[in-house]
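I set out to record what I looked up in this model, entry by entry. The entries follow the order in which I went through the structure.

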Amino acid sequence: MKNFCILCLAAASLLSQMLHSQNTGHIEIPLNNNADSWENVLEELLDGSFLDDEKLEQFAVQLEELHDNPININRATPGQLGQLQFLSDRQIEEISAYIYFHGPMLSLGELQLVEGLDYDTRRLLRHFVTAGPGPEKHGTVKMSQVMDYARHELVSGIDIPMYRRNGFRSHSSEELARYPNRQYHGGQLAGSLRWNMNWNDRIRLGVTAQHDAGEKFRMPTGFDFISPYLFLKDTGPFRTLALGRFKAQYGYGLLLGNAFTMGVGTISPKGISQGIKPYSSASENGYFTGAGVQIGNDRLELSGFISHQKTDASIADNGSIRSLKTDGYHRTQLEIERRRNVTQSDAGFSAQYSSQGIEIGATALAELFSRPFPTSRFRAGISTDYTVKRTEFAFWGETAQAFVTGKAMGFATLDNVLLHLERFGELGFSARYYSPGYESLHSGAMSQSKVQNEYGLGASWTGKSGKRQASVSADFYGHPQPCYGASAPSHGMQIRASWQTSDKELGKFLANLNFRSVQKDCKASGRLEYRTTIRFKFRYTGNLAPGWSWQGQTLQSLSVFKGTEPSWGRSAGLSINRSGNQNKGRKCCLDADVAAFLFRTDSFDSAISYYEKGARYQFGFMNLSGNGTRLSSMVRLRFRDGLQASLKASGTLYFDRDCIGDGAQRIDSSHKQDIGLQIVWKFHNADFHSKKKD
């Protein structure tokens, strides 16, 4: 506890000194500067995603990738703009029509001239698009231009825990002989390294390396996971050529997952034909390794890929695959034994046709494992998808069939319709059926658990009036066969509602409500009973002074289940943000965040889901239960030459326990603290040439 207090005092002192030095420069910052920062925009999009907690981090990574590699709005297809879920179909049509009639945009300031784009939409859009050369200026690739004008980004980070987990303490040889998985094989530090190069969105080259705490040093780099990729677009005979690590997404996620699905109840015909994309995430699953190509034109596009890679798996006594391991940890003896012990080969093909608002597609996927899974090494699947878009409505869907050793095992279907109600927003309906025998390892469609053993009916409404926006969704679903937590066929429902309003003077208000009731096994009655969980969030963001903002929020939760006492969760948080401005002639500027969060829950069933701002590619998603407080502070120095340095200090203090966690993760203390350091450097090779001339 003493070290934690010293750490907080040091961080607060450093923050006050740096803020004071910045204020002496009398920098004038626009009042709404904080609201437009990427960190706040990211948090805003995550709040409106309607995603479950376990999928939020994946969605945040996807948003970071789009932000880091913005779309050239002058060359963007409707499908590419459709990846941005806050854009409606009508707004995408208005953008395309403006460019068609007026020519390529010279700057993003022309977004104000596009009919149907309000201020909030333009504010969000600026973080994901650029105004580059139009299609007629593609030209040939000149390596001299690539070398000089390609944008480079180098990100290096390290996480330092100020505590010791049981897996890192010394164990006797007798204890390890009996319990070998109590000992981690590596050190306590975690680190990552990313480098990527992007030239005009046509050539992308990069590598991502990740090392988790507890993983041993691996020669020659020291990192446990390394992911390289090369991605060429509109270069040579191919529309797309991907080498190394990549992802493939088609249709609406029944066979090959759609990474930008916004969760159950969110009905939108976006995401079709996303095709082959580079994989730059540090997550150790959800990718292919090999080569992928796309050829064709704006109407007909053909895609194909092959992949061959090692993957983690749990092996049964008979040598078959019990399950694939996807957490990416290789710390204990058991986790190391499961590391890359199965070979997986994949081949896929897709054909997509689009014309005048009608899109149809077909996809095939074949997989071969080096071990049976569980009874056969060979798996396959086919799917067809369709989309019809009109001014007043849209309907779309996908149907897929799974095969094992040539035998049909199950099918899945998803169909949707969306009505544009002019002044009353958008109203959507959805129906799905995933048979118990259907399974695709790469699926990512709308579902409550996974794309298997589930049926459901959903409806959603989204409306916007001036500065106010509201959305409501409902999903009624069931499982025809037993599933996790339910030993018999079960049913459930989920209702979500969101309301927000913003004003430059009054600030931003956000309210979210999530109601879920699902049948689970109940010991008290000996049969299925409904477990009901209600979660509510209210948040206000306001401005204190030019460059300063504050945010207050409260999160409440309630869990009710027969035979147990109602479990309540209550929390409140306050954060203060300082955003610098480097457009006033200064060589560097300072961003800073300080946050405090109090929580109290009766049990884990009413745990509080909390998102905490972090450094680049680092997202603080956590479930907090018990009685305690969470404190964090982060400072970021941004220099005019593209260099950025971040320091984050955070800690959690519990008032109701003497230890945290269990097993190898156990911490024999009521508090834990972490320090994170990160360096980001963005540059062009031409920058060095100009400095030499000067």
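Entry 1, ring cluster. I took rings of Phe, Tyr and Trp (its six-membered ring) to pair if their centres lie within 6.5 Å. With that cut-off I looked for linked pairs, and I found that Phe509, Phe538, Tyr540 and Trp550 are joined by ring pairs into a cluster. I note here that the model is predicted.

Entry 2, overall survey. I counted 10 helices and 31 strands in the protein. The chain content is 694 residues, of which 51% count as buried. I then looked up the contacts between residues at least 6 apart in sequence, and 61% of these join residues at least 24 apart. For the accessible surface I noted about 32,500 Å², with 58% of it belonging to carbon and sulfur atoms.

Entry 3, aromatic pairs. I recorded 20 aromatic pairs in the structure. One of them is Phe288 with Phe305; I entered this pair as tilted because the ring centres are 4.7 Å apart and the planes stand at 45°. The pair links distant parts of the chain, since Phe288 belongs to strand E9 (residues 288-296) and Phe305 to strand E10 (residues 300-311), 17 residues apart. Are these two rings buried or exposed? Phe288 has 3% relative accessibility and therefore counts as buried; Phe305, at 4%, counts as buried too.

I next examined Tyr386 and Phe395, whose ring centres lie 6.4 Å apart with the planes at 55°, so this pair is also tilted. Here Tyr386 counts as partly exposed at 27% relative accessibility, and Phe395 counts as partly exposed at 33%.

Entry 4, charges over rings. I looked for arginine ends placed over tyrosine rings. The charged end of Arg331 sits over the ring of Tyr329, and I noted 4.2 Å to the ring centre. Arg657 lies over the face of Tyr654, at 4.1 Å from the centre of that ring.

Entry 5, strands E4 to E6. I followed strand E4 (residues 190-199) into strand E5 (residues 203-211). The two run antiparallel and are joined by 9 bridges. Within this pairing I looked up Trp195, and its bridge partner in E5 is Val207. The hairpin of E4 and E5 has 3 residues between the strands, and in it Asn200 takes a positive phi near 55°.

How many residues of E5 are buried? I found 7 of its 9, and I entered the strand as mostly covered. E5 also runs antiparallel to strand E6 (residues 225-235), with 8 bridges between them. In that second pairing Ala209 has Ile226 of E6 as its bridge partner.

Entry 6, Asn198. I placed this residue in strand E4. Asn198 has 8% relative accessibility and thus counts as buried. Which residues does Asn198 touch, leaving aside those up to four places away in sequence? I listed Asn69, Ala150, Arg151, Ile203 and Arg204.

Entry 7, helix H2. I checked how far helix H2 (residues 38-47) is covered, and 9 of its 10 residues are buried, so the helix is largely enclosed by the rest of the structure. Among the buried residues of H2 I noted the charged names Glu43, Glu44 and Asp47. The list of buried residues in H2 also includes Trp38, Asn40, Val41, Leu42, Leu45 and Leu46.

How values were computed
Residues are numbered from 1 along each chain as its sequence is written. This is a predicted model: local features need pLDDT of at least 70, side-chain atom pairs count only at pLDDT 80 or more; totals for chains, interfaces and linings use all residues. Side-chain values use heavy atoms; hydrogens and water are left out. Helices (H or I, at least four residues) and strands (E, at least two) are DSSP runs, numbered from the N terminus. Buried means under 20% relative accessible area, exposed over 50%, partly exposed in between (1.4 Å probe, protein chains only). Contact means heavy atoms within 4.5 Å. Rings of Phe, Tyr and Trp (its six-membered ring) pair if their centres lie within 6.5 Å; planes under 30 degrees apart count as stacked, over 60 as edge-to-face and the rest as tilted. A charge sits over a ring if NZ of Lys or CZ of Arg is within 6 Å of the ring centre and within 35 degrees of the ring normal. Two strands pair if DSSP finds at least two bridges between them. Accessible areas come from the Shrake-Rupley method with a 1.4 Å probe; for residues, only the protein chains shown count as cover.
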